[in-house]
Amino acid sequence: MQIRIRRGLFFPATPPAEAETAPSITSVAVRADEHAGLHARLEVHAGDLVHAGQTLFSSRNDPDVVFVSPVAGQVHDIHMGSRRKLLSVVVETNITAACEASARSPGDNIDTVAGLSREQIRRRWLESGLWPAIRQRPGDTLAPSAGEADVLLVSAIDTQPWAADPVALLEGQWSVFWAGVAALSRFARHATWVCAAPGFPQPPAVLAGMAQKAEFQGPHPAGLVGTHLGHLAPLSFGRRAWYVDCQDVAEMGRCLVNGERSYARRVCLSGPDFESSRMLLLPEGADASGLPGTEGLQPICGSLLAGRPANPPFEHLGRFHRQVTVLPQQPAPFGTWLRNPAPGRPARVPLGPVRPLAGGMLAHDGLDRTWALGVPPTPLLRALMTGDYDRAVEMGCLDLGEEDLAIASLACAGEHDYGAYLREALDALSREHAR
Amino acid sequence: MKRLWNQCIAAWSGSRSLPLPYRHGDRPTALCLGQSSGLGTVYYRIALAGVLLLPHTLANWVEHFSGVDGALSGGHFRFFSMLIVALFISVLVETVFAAGRRLRVLDGWFVPAWLFMLVVPADVGWMQLVFALALGLLVGRLLFGGPGKQIVSPALLALLFLYTAYPSAFDSSGSGPSPWVKWGGLPDGGTAWWPLLIGSDGALSAVSSPAACVLAGAFLVLIGVVSWRTLTGGLLGLVLASAVISWVGPPGPLTSTPWYIHAVSGGFAFGLVFLAADPDSAPLTPGGRWMLGLLTGVLTVLIRLADPSHPDGVLHAILLAALFAPLADEWFVRRALRLRRLREEAWP
């Protein structure tokens with residue numbers, strides 16, 4: 001199936017490069033804050049020694065879903081947020097990542113997977129800490145450890161600024177990748193789609209009937225799951241879509257075929273005016289702040305659109321980050337010293353109680369030009385802003401996650417974080433639906 | 001008093017540039033580029049597009065006051081002093097509202113005053129200017145809550161107020177020193193088209209140079225502030241209406257006016273680019289934008305030809321069209337929802 005996206009923004013991509021092993025990484029983190037609605041139960045204390053694969057924390061609502069340490073080392077820090085919500089667990093270590101290419105053919109691997117029952121596969125992924133790689137929409141949350149999805153998407157396309165080509169990310173792992181797709185397709189009631197760009201290889205013939213490729217072509221939102229769902233399977237209440245990133249699929253396949261995990265991840269390091277862009281093999285959750293060649297620059301975990309500055313205490317990559325974007329250090333804008341005093345210092349002008357944002361939003365055409373979903377953007381965004389969730393659901397907010405609205409936050413000049421509005425809407429809807 | 005003063009200062013220095021916030025426990029979302037530059041950038045660009053119209057406006061003011069004696073009565077002096085007063089009124093009104101609401105001053109406070117001054121007839125009196133602009137800002141902008149929430153452009157309301165309350169300011173047949181027609185509607189028959197388009201003297205029949213408005217419109221469309229649909233729709237509506245009327249209407253010099261004369265006369269070019277397509281009050285859907293443009297074009301021709309007491313008709317046409325825009329929006333949104341529901345039901 002071929003789908004052409006006409007509107008959006010073309011961003012530069014990272015030039016293809018061989019993956020190279022990064023010098024040793026001194027700390028990794030497993031993050032809980034990137035999973036919406038996760039209430040974590042800590043299983044370790046600061047100072048504990050842990051081995052690779054040991055459970056660090058689990059989900060309170062779904063105790064079978066565990067989050068494991070990708071390295072052997074010592075628990076250095078446990079970051080808590082407001083109301084003692086777990087943000088991340090940092091493990092100090094000294095390792096370099098390694099990931100051997102799989103020598104077996106896809107057919108053999110798929111046969112191996114076919115010999116396993118669905119419950120065996122589920123158990124294997126839950127125990128090895130791979131289950132959190134599966135996310136569910138509506139809600140953009142962790143997939144529940146029981147049950148299955150109506151439709152399953154393997155996300156093998158990335159159109160974000162300076163994104164890496166998934167074909168390069170999967171180099172040498174094709175056989176385990178297709179095995180992972182075959183295993184995942186057991187959890188889909190209706191269809192499994194491998195969403196990819198035109199250059200991505202077709203699924204091997206043995207996968208016919210299990211998974212098919214959906215080709216997306218065009219500018220930026222073409223690579224986002226919300227766009228894929230909107231075109232392939234628009235969601236309504238009572239329908240569930242699961243989606244998994246392609247590198248996680250390869251890891252899931254490797255876990256089933258070899259019985260072990262590599263905990264390695266290819267991450268591309270690039271950015272505007274950054275000459276030595278390259279692809280690195282890093283352990284999951286590696287510290288992105290001290291990578292070689294980025295001294296004096298500002299690294300961003302993830303893309304420019306939906307990522308976050310790699311500043312302490314959040315300098316580690318998340319599970320779903322495929323790239324580190326490197327920006328030049330920005331000087332503070334003129335007048336900042338007047339408006340934003342240093343923390344703990346009085347303002348230099350006598351500021352009264354001023355609410356920071358006035359909440360204006362213009363219906364300007366630039367927003368429509370970046371929007372690739374079937375419904376017009378401004379009514380949807382305004383429904384989210386004003387809390388008109390019935391209208392928002394009708395307009396398809398169940399398909400969406402925060403990253404889908406990042407481009408709207410950029411295109412709308414109104415300083416709104418539409419991702420945050422969407423999260424509020426999804427939380428409210430899930431609370432209402434749970435009752 | 002001290003508190004009021006502090007509140008006013010705070011309204012202007014309220015934190016515009018937020019540091020990248022990470023609230024503990026929240027999920028990270030678009031924080032890097034996604035923290036966009038603020039509505040101010042959009043308004044600065046609209047104001048910049050308005051600068052293209054300035055030479056024509058200044059030429060008109062200079063010509064208008066050329067016969068008047070007195071040291072401080074030149075057109076330049078008069079225009080810029082009135083501009084300063086208009087901006088001062090904006091600052092005053094906006095500060096009072098912002099301080100009262102404990103908000104920072106809304107972005108784009110200077111745009112209505114700037115657009116208003118670009119096209120206001122030079123005959124306007126000082127108090128007329130003050131009243132019209134203050135009312136336009138109050139009713140058009142601040143009552144509804146500011147950027148993106150208003151129904152019609154505040155500059156449009158200010159001009160309409162002036163037009164209704166002080167029609168003499170718009171009266172082109174009056175005894176002013178210079179017979180510049182401006183908001184007076186259609187020119188006499190036999191006028192050449194090129195001078196009308198450029199707005200050169202001798203045949204001044206538009207409020208500002210239509211050629212400059214075309215340039216400004218192209219700039220605003222290019223940077224994504226204004227929708228090309230509204231502009232195209234407006235021209236299309238104008239062409240359609242004038243063609244239909246010249247075909248079925250009673251014969252006469254007015255009804256046989258071709259569309260290209262309609263397009264370059266009166267306030268049509270300015271009104272379409274700066275008042276109808278204004279992103280502050282623009283419709284939310286692409287279809288709604290088409291409707292707004294089409295209605296503006298059609299109504300302009302209808303009012304011009306059918307009502308001799310409104311020789312220009314653009315302001316009223318935009319007002320009426322803008323009031324229908326939310327209805328059109330709702331219709332197009334429901335259509336999009338229907339299509340989406342069909343797609344939802346299409347897969348098993």
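**Exercise 1. Find the partner of A:Arg319 and place both residues in the chain.**

Step 1. A:Arg319 pairs with A:Asp248 in a salt bridge, with 3.2 Å between the closest N and O atoms. A salt bridge here is a side-chain nitrogen of Lys or Arg within 4 Å of a carboxyl oxygen of Asp or Glu.

Step 2. A:Arg319 sits in the loop between strand S19 (308–309) and strand S20 (323–328) of chain A, and A:Asp248 in helix H6 (residues 246–258) of chain A. The two are 71 residues apart, so the pair links distant parts of the chain. Helices (H or I, at least four residues) and strands (E, at least two) are DSSP runs, numbered from the N terminus.

Step 3. Both A:Arg319 and A:Asp248 are buried. Buried means under 20% relative accessible area, exposed over 50%, partly exposed in between (1.4 Å probe, protein chains only).

A note on the model. It is predicted: local features need pLDDT of at least 70, side-chain atom pairs count only at pLDDT 80 or more, and totals for chains, interfaces and linings use all residues. Residues are numbered from 1 along each chain as its sequence is written, chains are lettered from A and ligands numbered from 1 in the order in which they are written, and side-chain values use heavy atoms, without hydrogens and water.

**Exercise 2. Explain what the pair A:Glu251 and A:Arg261 ties together.**

Step 1. Their side chains form a salt bridge (3.3 Å, N to O).

Step 2. A:Glu251 lies in helix H6 of chain A, and A:Arg261 in the loop between H6 and strand S16 (264–270) of chain A. The pair therefore ties together parts 10 residues apart in sequence.

Step 3. A:Glu251 and A:Arg261 are both buried.

**Exercise 3. Decide whether A:Asp365 is buried or exposed, and do the same for A:Arg369.**

Step 1. A salt bridge joins the two side chains (3.2 Å, N to O).

Step 2. They are 4 residues apart in helix H8 (residues 365–369) of chain A, which means about one helical turn between them.

Step 3. A:Asp365 is buried because its relative accessibility is 2%. A:Arg369, at 30%, is partly exposed.

Step 4. Shared partners also build a salt-bridge network, which includes A:Asp248, A:Glu251, A:Arg261 and A:Arg319. Over all chains, the structure holds 33 salt bridges.

**Exercise 4. Describe chain B and its nonpolar core.**

Step 1. Chain B has 14 helices and 0 strands.

Step 2. Of its 348 residues, 56% are buried.

Step 3. The largest nonpolar core (buried Ala, Val, Leu, Ile, Met, Phe, Trp, Tyr and Cys residues joined through side-chain atoms within 4.5 Å) has 80 residues. B:Met117 is among those with the most contacts inside it.
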